[in-house]
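Visitor: I should like to learn how to read a ligand site and the sheets of a protein model. May we begin with the site?

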Amino acid sequence: MQLSALTLASLPAAIQTPTYDRTTGAPGVVHLGLGAFHRAHQAMVFDQLLASGDTRWGIHGVGMTRPDLVNQLKAQDGLYAVRIADANGVKWQVPGALWRMNVAATERDAVVQAIAAPSTRWVTLTVTEKGYTPALGQLLLDGLRLRQQAGLPGLTIASCDNLQGNGHKLQALVKAAIQANDTAPQDAELLRWLDAQCAFPCSMVDRIVPAATPEVLAAAQEALGLQDACALSTEGFWEWVIEDRFADPLDATLLQSAGVRVTRDVHSYEEAKLRMLNGSHTVMALMGAVTARPYIASCIGAAHIRTFVHQLMSNEVAPHLSRSDWAEYRDALIARFGNPYLKHSVHQIATDNSQKIPQRWPPSVLGQIAKGASFDHHALAAAVFVRYTLGVDESGQNYVLNDPQAASLSALGAAQRSESAACVRGLLAREDLWGSALPNNTAWINRVMHWHQQVLQNGVDLAIQQLLSLEV
Ligand code: CS2
């Protein structure tokens with residue numbers, strides 16, 4: 001038997017399930033990007049608001065491209081189990097906020113109609129870094145235009161992707177779509193309506209939610225006594241910091257009541273999270289991929305990698321953060337990375353490196369350069385990235401580069417065994433990865449070349465040991 005609305009009542013009593021009515025109300029939130037993250041993060045915040053009696057937080061979830069997950073979720077009436085596991089214990093919960101589902105690629109009009117529905121108050125997005133395309137701007141705009149024409153109120157449109165200033169980026173995309181349409185007088189009106197009625201808050205979201213593994217699905221079956229093809233595993237920790245900028249200002253207090261931090265200063269949280277957590281993640285993902293360590297926990301479990309990550313954060317990232325409580329933040333992150341329940345695949349995190357590196361590493365390197373301080377940890381990380389583009393690990397296993405830039409990255413890195421310097425130069429010249437200043441910085445390029453030589457000659461582990469032995 002499978003988890004669904006019909007079988008929900010048969011779950012063991014220890015499993016928290018939705019007690020509110022999921023069938024009569026219309027969703028108040030359209031969420032774009034129905035991946036694991038949203039379902040174990042915001043969907044659980046909205047579940048809490050629904051459980052408190054506020055019926056406006058049901059979700060119309062939109063998968064952007066692939067129909068398989070949406071079909072599985074539909075077969076389970078939008079229900080799925082989440083295992084919340086860490087040193088504090090293990091518990092299972094079935095959130096009930098996901099009420100309707102569509103796939104944007106094949107059901108675009110249904111998505112536009114959902115955005116334009118009178119009950120909709122929010123649009124939230126986790127479409128990944130590479131999802132911020134003109135097509136996304138146009139999709140939102142088509143829904144918003146219908147709202148404006150129907151005289152409906154505007155929306156809070158909250159980007160929740162790992163991008164600095166994500167709300168500003170999204171707003172710019174929607175405005176660019178208006179400009180691209182060029183149907184002058186009506187669109188001037190639409191632009192005024194957008195500015196007056198819609199809010200694009202920046203936000204920082206955090207919870208480690210790996211793609212589900214067969215082990216998690218088996219554990220779900222065991223705990224639930226039912227099959228759940230959509231089960232997920234996550235940690236107890238979660239954080240959502242959102243800018244105090246809402247179409248309906250009363251939402252601030254509501255979100256706070258569910259544990260969300262509402263603030264004018266999202267920036268300091270965003271930069272700390274992107275550079276400390278995500279920056280370390282990308283370093284470990286690359287090291288793990290090249291040394292054949294499968295999970296983040298296997299990487300942080302190796303003493304030399306743990307020390308490397310600790311030093312990277314303390315010496316090269318933290319000095320440039322506006323958040324002053326970084327030492328506790330660092331220690332908490334290292335503990336979270338080691339969570340044995342999270343089988344967080346290094347290859348999953350290494351997906352789309354070309355889209356992630358720009359937010360995660362260059363700001364810290366530039367900060368160190370400006371201070372005249374060492375950036376060797378980031379230089380070694382960049383050298384491991386160059387090594388990673390070979391597509392084969394140190395034990396000889398091939399892996400696939402899963403990245404919109406895969407072809408060009410592989411081409412640039414292909415000859416690195418015979419032409420190390422030229423390949424490092426070629427990959428470091430990419431402004432889309434490193435920004436405009438680093439590709440011209442000789443000191444940076446030289447250090448990456450140095451570490452790349454070590455990585456090729458001695459392997460990643462010895463190169464890390466060597467870097468650590470330089471520290472006093
Ligand atoms: C990870 C993030 O896949 C990645 O790039 O760094 O998904 C990370 O797990 C989350 O941002 C944690 O909040």
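Visitor: How do the residues of the shell around the ligand divide into nonpolar, polar and charged?

Guide: The shell holds two nonpolar, four polar and five charged residues. Here Ala, Val, Leu, Ile, Met, Phe, Trp, Tyr, Cys and Pro count as nonpolar, Asp, Glu, Lys and Arg as charged, and the others, Gly among them, as polar. Please note that this is a predicted model, in which local features need pLDDT of at least 70 and side-chain atom pairs count only at pLDDT 80 or more, while totals for chains, interfaces and linings use all residues. Residues are numbered from 1 along each chain as its sequence is written, and side-chain values use heavy atoms, with hydrogens and water left out.

Visitor: Which residues are around the ligand?

Guide: A residue belongs there if one of its heavy atoms lies within 4 Å of the ligand. In this model they are N162, V205, D206, R207, K273, N278, H281, H344, I349, K356 and R360.

Visitor: Which side chains have an N or O atom placed against an oxygen atom of the ligand?

Guide: The criterion for a polar contact is a pair of N or O atoms within 3.5 Å. The side chain of N278 has such an atom 3.0 Å from a ligand oxygen. For R360 the corresponding distance is 2.9 Å, and a polar side-chain atom of K356 also lies 2.9 Å from an oxygen of the ligand. The protein buries 88% of the 340 Å² that the ligand exposes when taken alone, by the Shrake-Rupley method with a 1.4 Å probe.

Visitor: Which elements give two or more residues to the shell?

Guide: Helices (H or I, at least four residues) and strands (E, at least two) are DSSP runs, numbered from the N terminus. The contributors are β8 (203-206), α10 (267-291) and α15 (353-360), and α10 supplies the largest share, three residues.

Visitor: What is the strand order in the sheet that contains β8?

Guide: Strands of a sheet pair through backbone hydrogen bonds, either parallel or antiparallel; pairing requires at least two DSSP bridges. This open sheet runs β8-β10-β11, with mixed pairing. Because β8 and β11 (261-263) each have a single partner strand, one side of each is left without a neighbour in the sheet. Four bridges join β8 to the antiparallel β10 (residues 239-243), and D206 stands opposite E239 in β10.

Visitor: How many strands form the sheet with the order β5-β2-β1-β6-β7?

Guide: Five strands form this open sheet, and the pairing is parallel. The edges are β5 (98-103) and β7 (156-159), each with a single partner strand. Within the sheet, β1 (residues 29-32) and β2 (residues 59-63) pair over four bridges, and L32 stands opposite V62 in β2.

Methods. Polar contact = N/O pair within 3.5 Å; in protein donor to acceptor, adjacent residues only side chain to side chain.
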